[in-house]
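Let's take a friendly walk through this structure, one region at a time. Keep the 3D view open and follow along as the residues come up.

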Amino acid sequence: MEHRKMNGGKVFISVLCVAAVCSAVPVSDLLDRASQRSDTLHALSTLLTHELDSHFPPLGRVIMPRPSMCHTSSLQTPNDKEQALQVSESDLLSLARSLLQAWIDPLTVLSNSANNLPHPAQNSISNKIQELQEHSKSLGDGLDILSGKMGAAAQGISFLPYRGGNDIGHDKISKLTNFHFLLSCFRRDSHKIDSFLKVLRCRAAKMC
Amino acid sequence: MQSLFWMMRGLELALLLLLCAALQSNSMSPPGKPVLLSCRSPEKETFTCWWEPGSDGGLPTTHRLYYERERLKGTHECPDYQSAGKNSCFFDKNHTSIWVDYYLTVVASNALGNATSDLLKLDVMEIVKPDPPENVALQVEDREDSPLLHVSWEHPHNTDIKSGWVTIKYALRVKQGNSNKWKEYTSGTQTHFRLYSVSPGVEYTVQVRCMLDHGFWSEWSNTSSMGIPNYLQTERPFWVLMPTLFVILCTVVMFILVLKRKNLKQYVLPPVPRPKISGVDFQLLKSAPTEDTINALNQNFPCMVAWKDQMEDYLIVTENDNRFQPDFFSSQKRKNSLLFPSGLYLHSEIQESEPRLNDQENVGKRSLSYVPAQEHQNPSLNFVFTEAPDQTHSKHDASVKPFPNTGYVDIQRCGGNTQEVDEEQLQYSRVKEVDSALILEKENITLSRSGYTDIQRQEENTSEGYSRVKEVGGDSVVILQQKKNLSPDSAYQEERDYYMDYKPRSPHVTGFNRTGLCTEMNDSGYVDNVLNHF
């Protein structure tokens, strides 16, 4: 009980501090920081994909129809520039936050799978996955703070559950295939988040 | 009838064979399988795909691209086969969607059949490769002491940076002159770059490329080159000016040194002191003496008096003119190298012996040195009062006139040191009688240095003159040889005139004519003649 109280107290204080600090930071700066984070996230995921593909070129884009849809594909997001520029800021932020939220669990699955991945670059991949998790978490926190500043509409998050389970396969091929598929989904979503935040950043700064 | 039938059949067969042969020679076949090469989106808004056709099978073959897309029902054909060139398909903005998968195939078809390429799956996000940056410009900037190369460019114009739809990143590479080694730099999102380590006189070649959103790098832009000018700017004039100024300064200094070389020579190598009378310029006398020079000489006489005050007069007692031998003098000189008084008058002339005197003078001048009253020169020297070591009579015994007056002769005692020169008190012995012998009274009158003159004036008609001491007899007798009675000023003058008769004079010998005394002198000298009318 006391332990929980202490934890609660800590959280409360840290949130207060964050709120106090954040109130002093303008939205454009917050957006700038957030877009830097998302840029790192996307860069990491791209690297991971290349690393994975380096040993299995056939698993690239030529063959390999998707086994299924990404678990986040149900979310309606803009698919070209015109559409993206027409979306409101709070909606864009909400979309970014939803996507990010949706990947908390799958990243854990990926991280667990990476430990046993039958791949020559398994260690590096495993490392990068963990980095992905950290960056994703901090970005999520930052976006939560941002949403507090951007109005009520930004607070809403779409719930996108991951139903793939913890197991990505039994044999080497299916493991690699599923791992590759999950990672490509994450790469797409990280690119979406990055693009949305950068559009928001330029819009908030009035010029880019 | 039957033969006709068989002929017809044969013809058909022949025709058929011909047809078959014809067909075989053309090798018409269904088209080969085309290959989808790649697709590329330059700005994340459109994309283009290229394929390579297979063999056409000898027949006109058409290629069609068909695609299916995520979230889009049905199979669709390429909207634009023309814009991107041959064997390409261009997807414009309306037909391009991002974050969705495209499944593309190309079908080649001719009269004989079709051929379908392999399926290509792509997401526009994965095929982003921009055009190279545009308008790469180079500029040399002067910064303080070193130049720098300023590279600037523009983003490819089809990319939309303003809205933030794409985030662009640049990189450039530089090489010097003709080398093949490139140096790469990243520029971030800035459209300019400063190259600081540039050397003058080298030509630099620069290329720039860009990337969108962690996609693929563009191709390198066209090369831009610029040479850094050799440094003629602010620094150069300075480094040219300094040596020039230095050279000019040296020239001026040399010029001054040359002009003042005599002074310089005197300063660096001071001349050996020689006998000289103050106010008498031997150079002047050597040349034709004019009235002016004589007057000038006359005018300088008072200086002599004052100058005499500072030094002591010496009584030089010698006996023989024979002694005026070079070796004698030189030996004497060697023996008594410090014996020259600072105010020694070289009295080396005897009336009767003009040539000899010349010799004597020549000799004398060699061995005698006259040091004008200059303090920094040789200290005043004392003459050793010789007690007439060898008294031989000179050949030229001039008549000795009687001493008209008594006067004083300054007698310097033997062994006197230089200290005595500075004495203010000179010892004088009164001259008692002058006939052919200068008889001195044993009377010591201490006088100040300047008193010498005063005493002279006290005497009646006393005028200064110089007499050569013929011989000394004991302590109180000095035999003088005198030529004539000379007044102080006139004495000088007459003696000077007298002196003038003799030419040439040694420039180093200054002195007054002896008044007739042919006395020997080891060091030439004279007696300051108080008794002027000898």
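## A nonpolar patch on chain B

A good place to begin is the surface, where Phe238(B), Trp239(B), Leu241(B), Met242(B), Leu245(B), Ile248(B), Val252(B) and Ile256(B) form a nonpolar patch. Together these residues have about 800 Å² of accessible area. Please keep in mind throughout that this is a predicted model.

Take Leu245(B) as one member of the patch. Leu245(B) sits in helix H2 of chain B, which covers residues 235-259. Its relative accessibility is 48%, so Leu245(B) counts as partly exposed.

## Chain B in outline

Now step back to view the whole of chain B. This chain has 10 helices and 21 strands. Of its 534 residues, 47% are buried.

Chain B exposes about 27200 Å², and carbon and sulfur atoms supply 54% of that area. Contacts in chain B can also be sorted by distance along the sequence: among those with a separation of 6 or more, 72% are between residues 24 or more positions apart.

## The largest nonpolar core

Moving inside, the largest nonpolar core has 91 residues, and the ones that touch the most other members are Phe179(A), Leu65(B), Leu104(B) and Leu122(B). Helix H7 of chain A (residues 172-205) contributes the largest share of this core, with 12 residues.

What does Leu122(B) contact beyond its neighbours within four places in sequence? Its partners are Cys39(B), Phe47(B), Cys49(B), Val100(B), Asp101(B), Tyr102(B), Leu104(B) and Ile127(B). Leu104(B) is thus on this contact list, and Leu104(B) is also named with Leu122(B) among the core residues that touch the most other members.

## Aromatic pairs

Over all chains, the count of aromatic pairs comes to 12. In one of them, the ring centres of Tyr67(B) and Tyr102(B) are 5.7 Å apart and the planes meet at 40°, so this pair is tilted. Tyr67(B) belongs to strand S3 of chain B (residues 62-69) and Tyr102(B) to strand S6 of chain B (residues 101-110), so the pair links distant parts of the chain, 35 residues apart. Both Tyr67(B) and Tyr102(B) are buried. These two tyrosines also form one aromatic cluster with Phe47(B) and Phe91(B).

Another pair, Trp99(B) with Trp165(B), is edge-to-face, at 5.9 Å centre to centre with 65° between the planes. Trp99(B) lies in the loop between strands S5 (88-91) and S6 of chain B, while Trp165(B) lies in the loop between strands S10 (146-154) and S11 (168-176) of chain B, so the pair ties together parts that are 66 residues apart in sequence. Are these two tryptophans buried or exposed? Trp99(B) has 2% relative accessibility and therefore counts as buried. Trp165(B), at 1%, counts as buried too.

## Two backbone angles to check

Most residues other than glycine have a negative phi. Lys44(B) is not a glycine, yet its phi is positive, at about 70°. You will find Lys44(B) in the loop between strand S1 (35-40) and strand S2 (47-52) of chain B. With 2% relative accessibility, Lys44(B) counts as buried.

Asn87(B), also a residue other than glycine, has a positive phi near 55°. Asn87(B) lies in the loop between strand S4 (72-77) and S5 of chain B. Its relative accessibility is 21%, so Asn87(B) counts as partly exposed.

## Where chain A touches chain B

Which residues does Asn79(A) contact, leaving aside its neighbours within four places in sequence? They are Arg71(B), Ser97(B), Ile98(B), Trp99(B) and Val100(B). Asn79(A) lies in the loop between helix H2 (27-54) and helix H3 (81-86) of chain A. At 12% relative accessibility, Asn79(A) counts as buried.

Arg187(A) is found in helix H7 of chain A and, at 9% relative accessibility, counts as buried. Leaving aside neighbours within four places in sequence, Arg187(A) is in contact with His42(A), Ser45(A), Thr46(A) and Thr49(A), as well as with Met125(B) and Glu126(B). Arg187(A) and Thr49(A) are 138 residues apart in sequence, and their C-alpha atoms are 8.0 Å apart in space.

Notes. Residues are numbered from 1 along each chain as its sequence is written. Chains are lettered from A and ligands numbered from 1 in the order in which they are written. This is a predicted model: local features need pLDDT of at least 70, side-chain atom pairs count only at pLDDT 80 or more; totals for chains, interfaces and linings use all residues. Side-chain values use heavy atoms; hydrogens and water are left out. Patches are made of residues with over 30% relative accessible area and no salt bridge: like charges are joined within 9 Å, nonpolar side chains (Val, Leu, Ile, Met, Phe, Trp, Tyr) within 5 Å. Accessible areas come from the Shrake-Rupley method with a 1.4 Å probe; for residues, only the protein chains shown count as cover. A salt bridge is a side-chain nitrogen of Lys or Arg within 4 Å of a carboxyl oxygen of Asp or Glu. Helices (H or I, at least four residues) and strands (E, at least two) are DSSP runs, numbered from the N terminus. Buried means under 20% relative accessible area, exposed over 50%, partly exposed in between (1.4 Å probe, protein chains only). A nonpolar core is a set of buried Ala, Val, Leu, Ile, Met, Phe, Trp, Tyr and Cys residues joined through side-chain atoms within 4.5 Å. Contact means heavy atoms within 4.5 Å. Rings of Phe, Tyr and Trp (its six-membered ring) pair if their centres lie within 6.5 Å; planes under 30 degrees apart count as stacked, over 60 as edge-to-face and the rest as tilted.
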